[in-house]
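Visitor: Hi, I have a new structure to look at and could use some company. Could you walk me through it?

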Amino acid sequence: MVVCDSERRLKIGEGSLVFKKSIQKLLHRYGYELKKIDISSNKNFSSKKGRDLSLTPPPIEPIWPLPRRSDGLFSDEEICREFAKYDLWHYAYKFEGGVSFSAHHNNPGSLTDVPERPLQRFKHFMPYLIESQDGSLKGKRVLDIACNSGFWSIQCALLGAEVVGFDARAELIEQSNLIKSIIGINNVNFKLLDFWEMSPQSLDGTFDVVLNLGILYHLPNPLEALKLTKLMARKTILLDTGVYPSKDSVIKLKWEEPTDIRAANSAGIVAYPSKNGIDLMLRHINFEDWFEVPMRTSDMPKDYLEHRRASWLIKV
Ligand SMILES: C[S@@+](CC[C@H](N)C(=O)[O-])C[C@H]1O[C@@H](n2cnc3c(N)ncnc32)[C@H](O)[C@@H]1O
């Protein structure tokens with residue numbers, strides 16, 4: 001059998017089709033077949049049980065509205081009072097029983113204030129992440145980098161993971177702990193920590209799954225940030241980031257002020273890599289495999305639809 005990969009394969013334009021056919025015939029006469037194999041980056045990306053993750057995983061809905069503890073410790077009025085203590089909230093929240101709150105930012109944006117945004121993001125990348133863990137996060141140790149008020153940490157904890165979330169803003173850790181208390185779960189812990197202080201020492205070891213969501217483009221050095229993320233992960237990283245829309249492998253630098261709870265924690269340069277720039281960095285860091293999570297629906301935030309944001313599932 002002759003195996004020919006898609007890169008080394010002869011260019012098959014209209015003119016060369018006849019040539020391909022005659023080669024096929026010739027090989028066939030001598031007992032060989034021409035077979036194309038896929039060399040795209042996700043060729044080895046299968047879960048422990050051998051599932052091919054490039055195939056579409058089953059849809060998974062976020063746990064929403066959020067459940068509430070059964071002992072009645074937080075009444076609707078108490079929840080409202082606690083939420084009112086903070087001017088800014090990055091996500092819109094909704095709890096069982098109908099209590100809900102909208103997002104509030106210092107610089108409101110039609111993009112980030114949309115209440116559906118985290119739910120759409122969940123439906124976009126979480127099915128792939130869960131599939132990579134053989135269908136369940138139960139018992140997995142999950143790290144949520146830059147957890148904000150804990151939306152992703154809480155979802156993972158409700159799905160049975162043991163979660164640590166950290167953020168550089170103290171009021172966001174308070175918000176995260178408030179939501180944890182309203183729900184009444186114990187399998188998630190929140191910590192005040194700067195990204196660059198993240199280490200197996202500062203976070204009690206490494207994690208099965210590391211969520212690097214919405215943080216890369218608030219940092220000055222994406223290559224170092226991805227290397228540090230790798231240090232924390234035993235198996236899988238989910239990366240979700242704003243990207244610079246270019247076909248080239250580039251990094252666009254911008255200046256960012258810490259004017260909002262969704263922004264960098266201190267003033268300075270932040271970096272937006274292009275998608276190809278991300279791919280090149282993942283290759284440089286020598287990850288085992290990765291693929292960009294495909295968009296399966298148009299029910300997605302505008303920045304994803306316009307290719308200004310994307311997500312990758314990375315095998316460490
Ligand atoms: C756009 S929000 C993303 C929140 C969440 N990870 C998500 O994807 O929905 C960016 C978060 O990064 C946090 N952050 C910014 N700079 C940080 C740093 N140096 N270390 C840790 N967290 C940081 C912010 O406080 C904010 O919560």
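Visitor: Let's begin with the ligand. How do the residues of the shell around it divide into nonpolar, polar and charged?

Guide: Happy to help, and please keep in mind that this is a predicted model. The shell around the ligand has nine nonpolar residues, four polar ones and four charged ones.

Visitor: And which residues are the closest to the ligand?

Guide: Of the 17 residues that surround the ligand, the closest are Ala146, Ala168, Phe195, Leu213 and Gly214.

Visitor: Let me step back for a moment. How many helices and strands does the protein have?

Guide: There are eight helices and 13 strands. The protein has 316 residues, and buried ones make up 34% of them.

Visitor: What share of the contacts with a separation of 6 or more comes from residues 24 or more positions apart?

Guide: Those pairs account for 69% of such contacts.

Visitor: Now helix 4. How many of its residues are buried?

Guide: Seven of the eight residues in helix 4, which runs over 151-158, are buried, so the helix is mostly covered. The buried ones are Phe151, Trp152, Ser153, Ile154, Gln155, Cys156 and Ala157.

Visitor: What covers them?

Guide: The cover over the buried residues of helix 4 includes three strands that come later in the chain, strand 6 (162-167), strand 7 (188-192) and strand 8 (207-213). It also includes strand 5 (141-145), helix 3 (117-132) and helix 5 (170-183).

Visitor: What about the backbone just after helix 4?

Guide: Gly160 is found there, with a positive phi of about 100°.

Visitor: Which residue in the loop between strand 5 and helix 4 should I look at?

Guide: Try Asn148, which lies in that loop. Asn148 is not a glycine, yet its phi is positive, at about 55°. Most residues other than glycine have a negative phi.

Visitor: Is Asn148 buried or exposed, and why?

Guide: Asn148 is buried because 24 other C-beta atoms lie within 10 Å, and the cut-off for buried is 20 or more.

Visitor: Where does His307 lie?

Guide: His307 sits in the loop between helix 8 (302-305) and strand 13 (309-315). Its phi is also positive, near 60°. His307 counts as partly exposed because it has 13 other C-beta atoms within 10 Å.

Visitor: One last topic, peptide bonds. What is the one from Trp64 to Pro65 like?

Guide: That bond is cis, with omega near 0°. Most peptide bonds are trans. You can find Pro65 in the loop between strand 2 (34-37) and helix 2 (76-84).

Terms used: Residues numbered from 1 in each chain as written. Predicted model: local features only at pLDDT ≥ 70, side-chain atom pairs only at ≥ 80, totals over all residues. Buried ≥ 20, exposed ≤ 12 C-beta atoms within 10 Å, placed from the backbone. Helix = DSSP H or I, 4+ residues; strand = E, 2+ residues; numbered from the N terminus. Contact = placed C-beta atoms within 7 Å. Near = placed C-beta within 6 Å. Nonpolar A, V, L, I, M, F, W, Y, C, P; charged D, E, K, R; others polar.
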